[in-house]
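Q: I've got this model open on my screen and I'd like a close look at a single part of it. Please walk me through the salt-bridge network, and then show me what lies around that part.

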Amino acid sequence: MNSQTNSLSTQDIGQTTLPGFDNPVFDATTIFRTVLDAMSHPGTVIETPLTCKSPSKLNSSAASVLLALADMDTTVWLSPETECSNVSDYLRFHTGCSLTQNAKHCDFAVLNGMEGPDQIADLPIGTAENPDRSATLIIAVDHFNSEKKAVLSGPGIKTTSELSPSPLNSKLWGWMKDNRNYFPCGIDVIFASPTHICALPRSSEMDI
Amino acid sequence: MSQNTTASSYNYAYLDEQTKRMIRRALLKAVAIPGYQVPFAGREMPMPYGWGTGGVQVTATVIGPSDTLKVIDQGSDDTTNAVSIRQFFEKTADINTTEKTKDATVIQTRHRIPEETLTEGQILVYQVPIPEPLRFLEPRETETRKMHALEEYGLMHVKLYEDISRHGHIATTYAYPVKVNGRYVMDPSPTPKFDNPKMDNCAALQLFGAGREKRIYAIPPYTKVQSLDFEDHPFEIQSWDQDCALCGSTDSFLDEVILDDKGNRMFVCSDSDYCQSRQDNSMSPSVEHTLSQASQMQSVNSEASK
């Protein structure tokens with residue numbers, strides 16, 4: 001753990017930190033299955049089966065995905081818009097993950113949908129021989145009823161599916177389209193609204 | 001679980017939570033890169049390597065209390081491996097088990113895909129002994145990794161070509177290499193090539209776990225899975241001259257069962273649930289005798305083939 005950015009003293013624990021999963025074992029399994037379902041059906045919007053209390057800059061779905069998947073073996077990068085002591089204390093306390101300022105070395109990255117792609121330009125996309133050494137990007141949005149839609153096709157999609165997260169920085173659409181060109185390298189994206197999640201793995205073809 | 005004191009002293013589904021998270025992260029990467037083998041820190045399981053330690057770890061990571069589990073070993077629900085893995089999860093994960101393919105949400109399999117078409121929402125977990133399709137052609141991991149990176153699969157085609165030059169046809173009958181979504185060549189585990197077409201555009205999610213080799217890979221639903229072949233030697237599946245002696249099926253994978261020492265033999269479905277449900281639907285008294293005799297022989301035979 002990086003001591004410089006650790007603002008959590010033992011006395012603060014319990015006062016500043018919100019509760020995590022009610023039932024860590026079964027809630028983590030439920031959330032994982034939801035993410036697995038989303039990742040194997042790109043573009044399908046799936047209701048998050050539980051809610052958890054989360055810091056204001058991290059919505060409930062985004063928080064529960066991190067609670068289910070992050071731990072002391074993973075490094076999380078928070079974008080400028082989501083980075084604050086509430087979020088970092090929450091993640092450190094519940095998952096034991098380390099947080100980094102350097103986007104080049106992270107396993108999970110958290111972005112607000114309004115932020116631009118410049119923030120995530122440095123995320124690791126893996127190498128040709130080890131494409132799995134890439135970051136998973138969680139983008140916090142409000143809902144999935146955007147007027148702008150992308151049509152997805154590829155593995156996990158029977159014919160086509162639609163992706164319509166909102167609000168989303170207009171430059172992110174182009175970034176997502178480019179992301180497919182690096183396959184098998186690339187970033188896997190999980191969009192998280194307060195109540196639903198939707199995934200865009202690197203394997204999906206995208207038409208805007 | 002509550003009645004069994006030894007099982008309750010383990011975490012739910014045997015694996016500790018940190019191990020599950022590690023495997024879960026690997027599974028998500030595997031789904032995002034169809035056919036690519038993701039390394040994972042495989043754990044020692046309370047069974048020997050070769051008995052499905054990879055499949056068991058994937059199943060333990062995926063299942064929750066609301067799941068219904070089916071376990072098959074070469075198509076059959078009642079061989080040793082299938083029974084012991086089913087009991088393992090009944091004990092450690094307190095879940096419902098079934099022998100009916102359509103009732104299961106998670107199916108762990110050794111060397112077969114059920115005959116009944118799998119549906120959306122089901123998860124098929126394969127036990128994989130050697131995940132690298134190029135391993136017998138190139139023993140060095142550094143090299144096979146490079147070959148996958150460069151999409152250099154010429155060697156595999158040479159191997160299939162040598163089959164043709166030696167035997168007149170592609171003689172590979174199981175672990176027949178496939179190309180997933182037009183990118184990665186993948187070993188479908190030692191399933192008979194008869195099952196390869198079922199992998200293509202399958203509605204269910206297919207997860208592969210290799211415990212000894214510590215690799216996880218996946219095929220998402222509705223993904224193109226193409227068996228490698230040549231224009232003049234197209235991919236073909238096995239066929240039999242006979243129908244299943246028990247249920248009369250003409251289109252399922254058949255096991256040869258030796259009946260006596262005088263050369264008598266019969267062919268029966270390898271998928272025990274498929275065969276049984278067909279028999280239940282059209283039971284006639286005349287077949288009952290052969291049936292009890294044959295099912296006895298079938299279990300003896302599948303034990304011996306381990």
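A: What follows starts with the network and then moves out to the contact between chains, some strands and a few backbone details.

Some housekeeping before the tour: this is a predicted model, where local features need pLDDT of at least 70 and side-chain atom pairs count only at pLDDT 80 or more, while totals for chains, interfaces and linings use all residues. Residues are numbered from 1 along each chain as its sequence is written, chains are lettered from A and ligands numbered from 1 in the order in which they are written, and side-chain values use heavy atoms, with hydrogens and water left out.

Over all chains, the structure holds 23 salt bridges (a side-chain nitrogen of Lys or Arg within 4 Å of a carboxyl oxygen of Asp or Glu). Go to E115(B): R112(B) makes a salt bridge with it, and the closest N and O atoms are 2.8 Å apart. R112(B) and E115(B) are both buried (buried is under 20% relative accessible area, exposed is over 50% and partly exposed is in between, with a 1.4 Å probe and protein chains only). E115(B) also meets the side chain of K198(B) in a salt bridge, at 3.2 Å from N to O. That second pair links distant parts of the chain: K198(B) is in helix 7 (residues 196-199) of chain B, while E115(B) is in the loop between strand 4 (106-110) and strand 5 (123-127) of chain B, 83 residues apart. Helices (H or I, at least four residues) and strands (E, at least two) are DSSP runs, numbered from the N terminus. K198(B) counts as partly exposed because its relative accessibility is 23%, whereas E115(B) is buried because its relative accessible area is 14%.

Also in chain B, the side chains of R140(B) and E138(B) meet in a salt bridge, 3.0 Å from N to O. R140(B), with a relative accessible area of 47%, is partly exposed, and E138(B), at 11% relative accessibility, is buried. As for the network itself, salt bridges that share partners join R112(B), E115(B), D195(B) and K198(B) into one.

Helix 7 of chain B also helps place two backbone oddities. S189(B) sits in the loop between strand 7 (184-186) and helix 7 of chain B; its phi is near 70°, a positive value in a residue other than glycine. S189(B) is buried, with a relative accessible area of 0%. On to N201(B), which is in the loop between helix 7 and strand 8 (205-210) of chain B and has a positive phi of about 55° although it is not a glycine. N201(B) counts as partly exposed because its relative accessibility is 46%.

Next, the contact between the chains. The contact takes 38 residues from chain B and 37 residues from chain A (contact means heavy atoms within 4.5 Å). Between them, chain B and chain A bury about 3200 Å², 63% of it on carbon and sulfur atoms; that area is the accessible area (1.4 Å probe) that two parts lose on being put together, summed over both. Three salt bridges are found across this interface of chain B and chain A. D71(A) and R25(B) meet in a salt bridge through their side chains, 3.3 Å from N to O. On the side of chain B that touches chain A, helix 2 (17-32), strand 1 (38-39), helix 3 (53-62) and helix 5 (141-149) of chain B each supply at least two residues. Helix 2 of chain B gives the most to that side, with eleven residues.

Last, a strand in each chain. In chain B, strand 2 (residues 68-73) is mostly covered, with six of its six residues buried. T68(B), K70(B) and I72(B) point one way from strand 2 of chain B, and L69(B), V71(B) and D73(B) the other way. In chain A, five of the five residues of strand 5 (residues 136-140) are buried. Strand 5 of chain A pairs with strand 4 (residues 108-112) of chain A in the parallel sense over five bridges (strands pair if DSSP finds at least two bridges between them). L111(A) has I139(A) as its bridge partner in strand 5 of chain A.
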